[in-house]
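Please walk through the structure shown here, with attention to how its parts meet and where space is enclosed.

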Amino acid sequence: MSSVLELRPSARIYPKVRHAIPRIEWPAFAEDVDAIIELKKRRNAVVLAHNYQTPEIFHGVADIVGDSLALARKATEVEADVIVLAGVHFMAETAKLLNPSKTVLIPDTGAGCSLADSITPEDVRLLRKTYPGTPIVTYVNTSAAVKAESDICCTSGNAKAVVESLGVERVIMLPDEFLAKNIAAETHVKIIAWTGHCEVHERFSADEVRQLRDDYPGVVVLAHPECPPEVVAEADFAGSTAAMASYVATRRPPRVVLLTECSMSDNVAADHPGLEFIRPCNLCPHMKRITLGNIRHALETMQHEVTIDPGIAARARLSVERMLAVG
């Protein structure tokens, strides 16, 4: 029997996640992993997973992984008939915008986002009236309806480049206030910010960073730009999840902390077993709604399909495509 189990795909995957999942717990995941791999073949499907997904998803069943920018770019290259988005709803909408002819599924329709919920299309229209002629740069962490009211999208990885690509003295940047303020500190462009916050990153504090340095001498602190500016100021480096992963890979700090969602450290640690990852843990409750079980159910039942009103989709797609053209 053991030889049969060892032939399963899940058995070959386990070494990648053993730092995060005890061997005794792996059988609870293995059945779903094997079933999802088989279902992907049957449905001609791929799984796109954000960096905040748990290791059994990120390393176990995902075909494409990355931050919001990477997922947006790679979504345009997908040849499969079905895309399962292991992430939050706005990410699934973005995948659908870029693949209108494909079936895009989100395993749990309740996987939302505090940033996306912080602004409405009506808010954007009011901003246009308040600041006539000022371009609106919208973070991808927003609904398709909000993207449709915007001039161009951005991610935390390309926000500065997008802002400066417009060649203007002033822009509106929404909805993340802290991202806008952190980018404003890096550019001469005046940025008018909205007041949305990520419920994960807003909880980090400068005092916490100083405490980490006291408790773990020599620790290198990497912060996501959705963190408050005073946290970014205390960090050694600030960047998107992709930029943080690249920093670890190239600089290889012996002791490092990633000020972002918990699972990010677990996933990066898998590629760097010799490094010590300190983990102050802020979980995203929305990301954690995605599980192996509901990914499997999505592929079994072809639920829940993401649809976008064609009129909204056309305008939102243009904002995303303009972002991708910037690079």
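A polar contact is a pair of N or O atoms within 3.5 Å, where within protein one must be able to donate a hydrogen and the other to accept it, and residues adjacent in sequence count only if both atoms are side-chain atoms. This is a predicted model, in which local features need pLDDT of at least 70 and side-chain atom pairs count only at pLDDT 80 or more, while totals for chains, interfaces and linings use all residues. Residues are numbered from 1 along each chain as its sequence is written, and side-chain values use heavy atoms, with hydrogens and water left out.

The domain assignment, automatic or from a database, divides the protein chain into domain 1 (9–111 + 287–305), domain 2 (115–197) and domain 3 (206–278). The centres of domain 1 and domain 3, taken over C-alpha atoms, lie 25 Å apart, and 12 residues of domain 1 are in contact (heavy atoms within 4.5 Å) with 13 residues of domain 3.

Between domain 1 and domain 3, 10 residue pairs are in polar contact, both residues being at pLDDT 80 or more. On the side of domain 1 that touches domain 3, four residues are nonpolar (Ala, Val, Leu, Ile, Met, Phe, Trp, Tyr, Cys and Pro), three are charged (Asp, Glu, Lys and Arg) and five are polar (the others, Gly among them). Two salt bridges (a side-chain nitrogen of Lys or Arg within 4 Å of a carboxyl oxygen of Asp or Glu) cross this interface of domain 1 and domain 3.
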